[in-house]
Amino acid sequence: MAGVELQDSDDISGRTVTVAGRFTVRFADDYSPTFRKMEADPRPLTVDLTCLRRIDTVGAWVLHRLEQERGERGFETTLVGLEDGARAMMVQVGEACGDCRMHPEQSGRFLALLERVGRWISDGFKQLGAFLAFLGVTMLALGKVIARPRRLRGAAMFKQAEAVGVSSLGIIGLMSFLVGIVIAQQGAVQLRQFGAEVFVINLVGRLTFRELGVLMTAIMVAGRSGSAFAAQIGSMKLAEEIDAMRTIGMPPIEVLVVPRLLAAVIAMPLLAFYGSIMAILGGMFISWLSLGIPPATFIMRIQEVVPITDLWVGLIKAPVFGLIIAVTGCFQGMQVSGNAEEVGRRTTAAVVQAIFLVIVLDAFFAVFFTWLGWV
Amino acid sequence: MPDRMETIIEVKDLKNAFGPQVVHEHLDLDVRRGEIIGVVGGSGSGKTVLMRSILGLQPFAAGEVSIFGEPVTGLAEKEELDIRRRFGVLFQNGALFSTLTVAENIQVPMREFFQMTPELMDEIAAYKIGLAGLEPSAGPKYPSELSGGMRKRAALARALALDPLLLFLDEPTAGLDPIGAAAFDQLILDLKRALGLTVFLITHDLDTLYTICDRVAVLADKRVLAVDTLEELQKIDHPWINEYFGGPRGRAALAASAPSPQGTG
């Protein structure tokens with residue numbers, strides 16, 4: 001397709017520019033800069049548009065700009081062969097163009113930096129406040145549901161429990177099994193130096209029940225379900241579904257948050273126990289293969305060396321971790337506002353904060369249980 | 001002129017089905033160059049599905065759809081882009097990019113397809129914003145900061161960004177106040193006269209139909225029942241058409257449109 005051709009000629013009466021072809025958006029870069037320069041040319045200017053094949057609003061805009069800028073400087077401009085339609089378009093775009101900024105106002109570099117730091121700090125405090133408020137509202141709703149169990153959305157809770165628990169059995173089982181293998185293998189290499197390979201059983205049994213089983217499960221649940229909670233609720237928030245619930249008279253905390261929270265609290269101990277068992281199976285498997293300890297002996301030794309309190313330690317921590325994961329996920333989802341990018345940002349935040357909080361809490365639990373004498 | 005009557009969109013024997021639910025069957029429709037064609041039909045009659053089929057966004061079960069003489073399915077990437085550049089679409093809910101300001105939204109197609117100085121792009125965005133009937137202050141705002149009507153105008157400005165030859169509008173005046181809707185109608189008419197635009201317009205707004213449409217296609221019984229001027233359509237004896245144009249709203253719109261200047265094709 002032929003573009004646009006400009007012919008420039010000079011005579012005594014002034015400068016003449018002949019335009020032929022398409023004066024359209026597609027070729028704007030071919031003619032717009034030339035026309036821009038012509039604005040500052042003090043000679044009387046004639047633009048001949050008789051051979052114009054097509055003009056659109058961009059072409060009309062460029063002509064309007066030329067005429068206006070030259071008019072303001074008092075230079076003479078004549079447009080020859082302009083169709084009525086094109087003239088009407090020029091008038092229209094001229095009227096339409098206002099003093100319009102493209103981006104929100106931005107301050108200078110140093111100020112922007114200060115502003116960012118300030119916003120970061122104030123956002124942090126606001127987030128903390130909002131989180132505490134959310135926690136309070138959630139606990140209140142939970143209390144209401146416990147006081148009147150008929151208000152519990154049972155179907156929703158079991159659906160969520162299935163998504164959090166049953167659907168993740170495969171991945172958590174495999175992961176825990178492999179972790180069990182790694183612990184037993186690495187432990188065996190070190191303990192062999194003292195001729196104490198048999199203590200691999202103590203290592204695997206105590207470590208998985210107390211710490212690793214529940215911690216790895218919590219991390220996987222945060223990645224799988226905490227993110228899902230944030231994304232689901234966030235998208236609903238964007239689509240005004242949460243507002244719709246409020247107007248219908250369904251409290252969103254009770255409808256969306258409480259079932260998810262209970263689902264996570266129920267599913268986490270089950271998953272953690274299952275994860276620990278799978279890790280022990282992994283350890284048993286590698287002990288049998290590389291240390292020659294038969295499974296029957298392994299199981300007998302496990303019963304002897306792992307105190308029952310180790311199981312309790314794991315099972316007490318698990319529902320608390322589930323609660324933390326569900327609350328952060330739902331909180332971040334509820335904080336979404338504005339645009340789609342926010343959903344992604346909040347989902348990431350939900351996972352990162354959930355894992356961080358789980359590990360911090362785990363450290364506190366370690367101190368607490370030591371203090372109890374459950375070592 | 002004979003080429004004035006050239007067909008821009010051609011739909012032949014289209015069939016669309018979602019599972020067992022058949023939306024369109026044996027649907028035919030021709031849209032001619034330079035006309036504003038209104039598409040009407042009851043809720044759920046598949047107006048938007050038809051538009052999506054024409055745009056190539058909706059894989060259809062059977063039939064042929066072509067725009068500018070090219071089939072919409074099975075095109076090479078470059079040809080497809082070449083066609084897409086020539087039409088603008090206004091989606092029902094605006095579909096503005098939520099992470100960009102209104103002005104940046106308008107500049108997206110320009111950036112994507114053409115080389116331009118940023119200065120010219122800013123100027124173009126500024127007058128498009130005005131053309132679509134927005135205040136200049138809307139330029140640096142994000143879509144989430146706009147009202148529903150303003151969002152619609154911003155979406156129109158983006159649809160017009162490349163000065164398309166063909167414009168698809170899905171319920172453009174729904175949710176606008178009557179003054180705004182009338183201004184919108186006038187804007188479409190002006191653009192059509194100035195640019196030789198062809199417009200595919202889905203609407204429930206009877207005033208819009210009477211004011212700007214050259215022809216109206218009635219979607220009912222899973223196909224295009226009839227395509228004709230409004231006067232001719234009203235002579236057709238079909239229960240839906242009778243009810244649509246003969247109802248209280250239809251009569252009111254007809255009475256209101258009588259003295260107004262009708263756009264000529």
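The following exchange asks how the descriptions of this predicted model, with its chains A and B, are arrived at.

Me: What makes chain A more spread out than a compact globule?

Reply: Chain A has twelve helices and four strands, and its radius of gyration is 35 Å, whereas the globule rule gives 21 Å for 375 residues; the value is well over the rule, so chain A counts as more spread out than a compact globule. The box that its C-alpha atoms fill, taken along the principal axes, is roughly 110 × 55 × 40 Å, and 36% of the 375 residues of chain A count as buried.

Me: How do you know whether chain B agrees with a compact globule or not?

Reply: The test is again the radius of gyration: a compact globule of 265 residues would have a value near 18 Å, and chain B has 18 Å, so the two agree. The C-alpha trace of chain B spans about 55 × 45 × 40 Å along its principal axes, its secondary structure comes to ten helices and ten strands, and buried residues make up 46% of its 265 residues.

Me: Why are α4(A) and α9(A) called roughly perpendicular?

Reply: The axes of helix α4 (residues 109-147) and helix α9 (residues 252-291) of chain A cross at roughly 85° and come within 10 Å. Angles of 65 to 115 degrees count as roughly perpendicular, and α4(A) and α9(A) therefore earn that description.

Me: Which residues of α4(A) and α9(A) meet, and how do they divide by character?

Reply: From α4(A) come A:Val137, A:Thr138, A:Ala141, A:Leu142 and A:Val145, which meet A:Ile253, A:Glu254, A:Val257, A:Val258 and A:Leu261 of α9(A). The residues of this contact divide into eight nonpolar, one polar and one charged.

Me: What makes up the contact between the two chains on the side of chain B?

Reply: The contact takes 30 residues from chain B and 29 residues from chain A. On the side of chain B that touches chain A, the elements giving two or more residues are α3 (102-113), α4 (118-131) and α6 (178-195) of chain B, and α4(B) gives the most, with ten residues. By character, the residues of that side divide into 16 nonpolar, eight polar and six charged.

Me: Why do β6 and β10 of chain B stand at the edges of their sheet?

Reply: The sheet is an open one of six strands in the order β6-β7-β8-β3-β9-β10 (chain B), with mixed pairing. Strands β6 (87-90) and β10 (223-228) each have a single partner strand, so one side of each is left without a neighbour in the sheet, and this places them at the edges. Neighbouring strands of this sheet are turned by 15° against each other on average, direction ignored.

Me: How do you know that β7(B) and β8(B) pair?

Reply: Pairing requires at least two bridges between the strands, and five bridges join β7 (residues 166-170) to β8 (residues 198-202) of chain B, which run parallel. One of the residues involved is B:Asp170, whose bridge partner in β8(B) is B:Ile202.

Me: What makes β4(B) and β5(B) a pair, and in which sense do they run?

Reply: Strand β4 (residues 62-67) of chain B and β5(B) pair over two bridges, in the antiparallel sense, which meets the requirement of at least two. B:Ser66 has B:Pro71 as its bridge partner in β5(B). Both strands belong to an open sheet in the order β2-β1-β4-β5 (chain B), whose pairing is antiparallel; its edge strands are β2 (21-32) and β5 of chain B, each pairing on one side only. Helix α1 (residues 47-55) of chain B lies across β1 (7-18), β2 and β4, and runs at about 120° to β1(B).

Me: Why is B:Gly74 called exposed?

Reply: A residue is exposed if 12 or fewer other C-beta atoms lie within 10 Å of its own; B:Gly74 has 9, so the term applies. B:Gly74 is found in the loop between β5 (70-71) and α2 (77-84) of chain B.

Me: What makes B:Val227 partly exposed?

Reply: B:Val227, in strand β10 of chain B, has 18 other C-beta atoms within 10 Å. Being buried takes 20 or more and being exposed 12 or fewer, so B:Val227, with 18, counts as partly exposed. Not counting residues up to four places away in sequence, B:Val227 touches B:Leu29, B:Arg215 and B:Ala217.

Note on methods
Residues numbered from 1 in each chain as written. Chains lettered and ligands numbered in written order. Predicted model: local features only at pLDDT ≥ 70, side-chain atom pairs only at ≥ 80, totals over all residues. Rg over C-alpha atoms; globule rule 2.2 N^0.38 Å. Axes fitted to C-alpha atoms, helices over the stretch in contact; angles between N-to-C directions. Parallel < 35°, antiparallel > 145°, perpendicular 65-115°, else oblique. Contact = placed C-beta atoms within 7 Å. Nonpolar A, V, L, I, M, F, W, Y, C, P; charged D, E, K, R; others polar.
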